Amino acid sequence: QVQPVESGGGLVQAGGSLRLSCAPSGRTFSSYSMGWFRQAPGKEREFVAGISGSGHVTNYADSAKGRFTISRDIAKHTVYLQMNNLKPEDTAVYYCARGSGSDYRNYDYWGQGTQVTVSS
């Protein structure tokens with residue numbers, strides 16, 4: 001099945017960092033805008049960050065500004081989410097998907113997600 005594959009999640013203490021990766025499985029998403037979302041237990045899926053196909057345009061949720069950086073390596077067909085100064089409230093399953101904007105309904109080709117747990 002064609003979908004992105006996320007990796008890089010794990011358990012980290014508050015103030016720590018993680019870098020998530022999103023690579024294609026079965027196809028390339030290099031020319032498409034991509035986004036990262038997250039979903040905590042009992043909460044709706046929320047937008048975290050997005051990046052254009054060229055990588056030149058990025059946008060972030062207010063909760064991610066100043067702490068998270070989205071980037072992409074065109075040659076490796078991979079999108080990254082560098083997360084610094086993590087907080088317990090960042091604990092969630094993180095997903096990448098193809099699409100643009102902050103509305104998850106504008107996205108298709110979702111990955112299975114990677115768990116991020118931040119301990120206090």
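The radius of gyration used here is taken over C-alpha atoms, and the globule rule sets the expected value at 2.2 Å times the number of residues to the power 0.38. For a chain of 120 residues, a compact globule would therefore come out near 14 Å, and the protein, with 13 Å, agrees with this. The structure is a predicted model, and the values below are to be read with that in mind. Along its principal axes, the C-alpha trace spans about 40 × 25 × 25 Å. The accessible surface amounts to about 6,200 Å², and carbon and sulfur atoms contribute 46% of that area. Of the 120 residues, 41% are buried.

What does the secondary structure consist of? The protein has zero helices and 11 strands, so that a walk from the N terminus meets one β element after another: β-β-β-β-β-β-β-β-β-β-β. Contacts between residues that lie far apart in the sequence are also a feature of the model. Among contacts with a separation of 6 or more, 53% involve residues 24 or more positions apart.

A good place to begin a closer look is strand S4, which covers residues 34–39. This strand is mostly covered, with five of its six residues buried. On one hand, S4 pairs with strand S5 (residues 46–51) through five bridges, and the two strands run antiparallel. Within this pairing, Phe37 has Phe47 of S5 as its bridge partner. The two strands form a hairpin with six residues between them, and Gly42 in the turn has a positive phi of about 80°. On the other hand, S4 also pairs with S9, again in the antiparallel sense, over six bridges. Here Met34 stands opposite Arg98, while Arg38 stands opposite Tyr94.

Arg38 deserves a paragraph to itself. Is this residue of strand S4 buried or exposed? Its relative accessible area is 6%, and since buried means under 20%, Arg38 counts as buried. The side chain of Arg38 makes polar contacts with two acidic side chains: one with Glu46, at 2.6 Å, and one with Asp90, at 2.8 Å. Leaving aside residues up to four places away in sequence, Arg38 touches a list of residues that includes Glu44, Arg45, Val48, Ser63, Phe68, Glu89 and Tyr94. Tyr94 thus appears both in this list and as the residue opposite Arg38 in S9.

Strand S9 can be followed next. It is mostly covered as well, with seven of its eight residues buried. Besides its pairing with S4, S9 is joined to strand S11 (residues 114–119) by three bridges, and these two strands run antiparallel. In that pairing Val93 stands opposite Gln115. S9 also pairs with strand S10 (residues 107–110) in the antiparallel sense, over three bridges, and there Gly99 stands opposite Tyr107.

S9 also holds one end of a disulfide. A disulfide is a covalent bond between the sulfur atoms of two cysteines. How many disulfides does a search of the whole structure find? The search finds one, formed by Cys22 and Cys96, whose sulfur atoms are 2.0 Å apart. The pair links distant parts of the chain, with Cys22 in strand S3 (residues 18–25) and Cys96 in strand S9 (residues 92–99), 74 residues apart. The angle about the S-S bond is 70°, and the link is right-handed. Both ends are hidden from the surface probe: Cys22 is buried with a relative accessible area of 2%, and Cys96 is buried with 1%.

A further hairpin completes the picture. Strand S7 (residues 68–73) is joined to S8 by six bridges, and the two strands run antiparallel. Phe68, which is among the residues that Arg38 touches, has Met83 in S8 as its bridge partner. The hairpin of S7 and S8 has four residues between the strands, and His77 takes a positive phi near 55°. Strand S8 (residues 78–83) is mostly covered, with five of its six residues buried.

Methods: Residues numbered from 1 in each chain as written. Heavy atoms only, no water. Disulfide = S-S within 2.5 Å. Buried < 20%, exposed > 50% of the residue type's maximum accessible area, 1.4 Å probe, protein only. Pairing = 2+ DSSP bridges. Polar contact = N/O pair within 3.5 Å; in protein donor to acceptor, adjacent residues only side chain to side chain. Contact = heavy atoms within 4.5 Å. Areas by Shrake-Rupley, 256 points an atom, 1.4 Å probe, with all protein chains shown as cover.
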